[in-house]
Amino acid sequence: MILNDIIVTLVKYQVTVSSVRFSTKINMSLEKAKQVAAYKAVDKFVTNNSVFGVGSGSTVVYAVQRLAERVKTEKLKVTCIPTSFQAKQLILKHNLILGELDTNPRIDVTIDGADEVDANMILIKGGGGCLLQEKIVASCSKKNIVIADYTKDSSKLGDRYKKGIPVEVIPMAYVPIRNKIVDLFGGEVKLRSAVAKAGPVVTDNGNFILDWMFTNQDLDWDHVNKTIKMIPGVVEIGLFVNMCAIAYFGQPEGNVVERSAASN
Ligand code: 5RP
């Protein structure tokens, strides 16, 4: 009996250890993929005496790291425009030059992450809740480059990313907006809940986020983008249509796949 218990425990332990090893390996390859995509984009697109839009999210962390290295070794002068509180903190942490749109309304290049990129280079953004400032900064950029790991590279929106399209809204209007989106395009709309706080996520701009779980993957996303944006109380939608020139997808093996709007 005792021997049997010992064997069961050992088998369970073995299963746990191997599943931990497996998930650690996946996480490592994801982090490596993010890093190689970010480094490649910064190496190719950031130049001396330029204005650089700093995106938000975990992949952008590597881009700022690489930028800081290049600024130091190559003595570059790069003014960084943040797309979120997180981006601003990253710029400050790495002692980079912090700028703002008031003084630098024309940005040379912005490098940002994405939650999903479809075959037409349409993006879902806002998984981290920063879509409003990200879209403003992207709209001021001559060039927008996406950096992402291989899991974000999709044929159709919704193929791989299952958390829906974020919509930033004025808090008092979230219920009517929720109903209007469902009436117009179907699916289901959820108010995004905070994790370490009771109640909803409140964005950097003091708004709520609705996550629209669409069911029709063949919608005209340009039309959807413009129509939802026109609903009173909608501040921004996390659909980026015709905004991104090039996407770099880091691969598990450490290489980077490049996709451009022109190549589609
Ligand atoms: C934040 C974003 C991020 O760019 C997007 O969520 C991707 O993040 P990550 O690089 O962590 O996967 O849009 O609003």
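This is the transcript of a short talk on one protein chain and the ligand it holds.

Good morning. The structure shown above is a predicted model, and I ask you to keep that in mind throughout. I shall begin with the chain as a whole, then turn to the ligand, and then visit several individual residues.

The chain has 264 residues, and 47% of them are buried. Its secondary structure consists of six helices and 14 strands. How much surface does the chain expose? The figure is about 13400 Å², and 57% of that area is supplied by carbon and sulfur atoms. Let me also say something about contacts along the sequence. If we take the contacts in the chain with a separation of 6 or more, 74% of them join residues that are 24 or more positions apart.

Let us now consider the ligand. Which pocket does the ligand occupy? The space it takes is the largest pocket. There are 16 residues around the ligand, and those that come nearest are Ser58, Thr59, Asp115, Gly126 and Lys152. Two of these names return when we look at individual atoms. In the side chain of Ser58, an N or O atom is 2.4 Å from an oxygen atom of the ligand. For Asp115, a polar side-chain atom lies 2.6 Å from a ligand oxygen atom. Lys125 also takes part: an N or O atom in its side chain is 2.9 Å from an oxygen atom of the ligand. How much of the ligand does the protein cover? Taken alone, the ligand exposes 370 Å², and the protein buries 90% of that.

I turn next to a tryptophan. Trp212 is found in strand S10, which runs over residues 208-213. Is Trp212 buried or exposed? Its relative accessibility is 0%, and therefore Trp212 counts as buried. Let us ask what surrounds it. Leaving aside neighbours within four places in sequence, Trp212 is in contact with a list of residues that includes Gly164, Ile165, Ile181, Phe185, Gly186, Leu219, Trp221 and Ile228. One of these, Gly186, appears again in a polar contact: the side chain of Trp212 reaches the backbone oxygen of Gly186 at 2.9 Å. We may also compare sequence with space. Trp212 and Val182 are 30 residues apart along the chain, while their C-alpha atoms are separated by 8.4 Å.

Arg192 belongs to the part of the chain just before that strand. It is found in the loop between strand S9, residues 188-191, and S10. Although it is in a loop, Arg192 counts as buried, because its relative accessibility is 15% and the limit for buried is under 20%. Not counting residues up to four places away in sequence, Arg192 touches several glycines, namely Gly126, Gly127, Gly128 and Gly129, and among its other contacts are Pro166, Pro200 and Asp211. Gly126 was named earlier among the residues that come nearest to the ligand. With Asp211, the side chain of Arg192 makes a polar contact, side chain to side chain, at 2.8 Å. Arg192 and Val167 are 25 residues apart in sequence, and 9.9 Å apart in space from C-alpha to C-alpha.

Now a word on backbone angles. Most residues other than glycine have a negative phi. Lys75 and Met121 are worth examining with this in mind. Lys75 has a phi near 55°, a positive value, and Met121 has a positive phi near 65°. Where do they lie? Lys75 is in the loop between helix H2, residues 58-74, and strand S2, residues 78-82. Met121 is in the loop between strand S5, residues 116-117, and strand S6, residues 123-124. Their surroundings can be set side by side: Lys75 is exposed, with a relative accessible area of 68%, whereas Met121 is buried, at 1%.

The loop that holds Met121 also holds Ala119, between S5 and S6. Ala119 is partly exposed, with a relative accessible area of 34%. Its C-alpha atom is 9.1 Å from that of Arg259, although the two residues are 140 residues apart in sequence.

My last residue is Asp222, in helix H6, residues 221-229. At 29% relative accessibility, Asp222 counts as partly exposed. Asp222 and Leu239 are 17 residues apart along the chain, and 8.5 Å separates their C-alpha atoms.

To close, I return to the ligand: the space it takes is the largest pocket, and the protein buries 90% of the area that the ligand exposes alone. Thank you for your attention.

Conventions:
Residues are numbered from 1 along each chain as its sequence is written. This is a predicted model: local features need pLDDT of at least 70, side-chain atom pairs count only at pLDDT 80 or more; totals for chains, interfaces and linings use all residues. Side-chain values use heavy atoms; hydrogens and water are left out. Helices (H or I, at least four residues) and strands (E, at least two) are DSSP runs, numbered from the N terminus. Buried means under 20% relative accessible area, exposed over 50%, partly exposed in between (1.4 Å probe, protein chains only). Contact means heavy atoms within 4.5 Å. Accessible areas come from the Shrake-Rupley method with a 1.4 Å probe; for residues, only the protein chains shown count as cover. A residue is near a molecule or strand if one of its heavy atoms lies within 4 Å of it. A polar contact is a pair of N or O atoms within 3.5 Å; within protein, one must be able to donate a hydrogen and the other to accept it, and residues adjacent in sequence count only if both atoms are side-chain atoms. On a 1 Å grid over the protein atoms alone, a cavity is a set of points where a 1.4 Å probe fits but cannot get out, and a pocket is an open set with protein on both sides within 12 Å along at least five of seven lines; lining residues have an atom within 4 Å of a point. A molecule sits in a cavity or pocket if more than half of its atoms lie within 2 Å of its grid points.
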